[in-house]
Amino acid sequence: VIDRCGARCTLVSYVTLFLFGVCFFFKDTATNEIYTLSLHGAYLISGSFGDAILGKHIPSGAVVVVKRMRLPLSNDEHRESIMRELELLASGRLEHPNIVKFYGHYYDQLGQLCLVMEYADGGDLRAAVRKAKERGETFPEEYVAAWLVQIIAALFHVHTSNISHRD
């Protein structure tokens with residue numbers, strides 16, 4: 001689950017810490033190094049596709065979000081699509097200041113796919129726009145211009161890396 005480890009990491013064990021969440025131990029199958037990831041246990045959101053849980057990437061100290069996906073992996077085509085996307089995320093080709101960092105993935109004890117990603121404490125743009133619309137507010141032009149520059153920079157990076165995207 002560590003940025004250096006990518007898809008080579010396998011879950012070795014986990015320890016539940018009373019009041020402190022869970023600590024997972026991962027082994028990089030290429031180097032035999034053991035890495036750890038602790039979960040604060042704080043649910044950020046739960047939906048039809050899975051849960052998002054706040055955690056801490058112990059080696060770097062970074063706050064992360066663990067997205068536990070409830071995906072139907074019975075369909076071979078769907079499973080292959082997910083594996084291709086995981087390979088792309090683990091390749092580092094999407095590393096850019098305006099793209100959420102991917103630390104890695106693992107499968108939990110129930111076989112659910114868990115993605116470990118950078119935690120965006122400000123939320124996402126869609127939620128900010130929705131909240132502003134509900135309140136009848138607008139954003140200052142400078143904010144919108146700054147967001148557009150960031151979005152265009154991220155898209156430029158993706159396109160110049162010869163990656164096509166669905167969003």
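1. A good place to start is Leu-113. Not counting its neighbours within four places in sequence, Leu-113 is in contact with Lys-67, Arg-68, Met-69, Leu-71, Ile-82, Leu-86, His-105, Tyr-106 and Tyr-107. Keep in mind that this is a predicted model.

2. Now for the core that Leu-113 belongs to. Ala-52, Val-65, Ile-82, Leu-86, Phe-102, Leu-113, Leu-115 and Met-117 make up the largest nonpolar core, eight residues in total. At least two of this core's residues come from helix 1 (76-91), and at least two from strand 7 (113-118). Strand 7 is the biggest giver here, with three residues.

3. There's another core, too. Seven residues form it, apart from the one above, and they include Ala-62, Val-64, Val-66 and Tyr-103. As background, nonpolar side chains in soluble globular proteins tend to be buried together.

4. What about nonpolar residues on the surface? Leu-125, Val-129, Tyr-143, Val-144, Leu-148, Ile-151, Ile-152 and Leu-155 form a nonpolar patch there, and together they have about 670 Å² of accessible area.

5. Which helix supplies the largest share of the nonpolar patch? That's helix 3, with six residues. Helix 2 (125-135) supplies at least two residues of the patch, as does helix 3 (141-160).

6. One patch member to look at is Leu-155, which sits in helix 3. Is Leu-155 buried, partly exposed or exposed? Its relative accessible area is 34%, so Leu-155 counts as partly exposed. That value also clears the patch cut-off of over 30%.

Notes:
Residues numbered from 1 in each chain as written. Predicted model: local features only at pLDDT ≥ 70, side-chain atom pairs only at ≥ 80, totals over all residues. Heavy atoms only, no water. Patch = residues over 30% accessible without salt bridge, like charges linked within 9 Å, V, L, I, M, F, W, Y side chains within 5 Å. Areas by Shrake-Rupley, 256 points an atom, 1.4 Å probe, with all protein chains shown as cover. Salt bridge = Lys/Arg side-chain N within 4 Å of Asp/Glu carboxyl O. Helix = DSSP H or I, 4+ residues; strand = E, 2+ residues; numbered from the N terminus. Buried < 20%, exposed > 50% of the residue type's maximum accessible area, 1.4 Å probe, protein only. Core = buried A, V, L, I, M, F, W, Y, C linked by side-chain atoms within 4.5 Å. Contact = heavy atoms within 4.5 Å.
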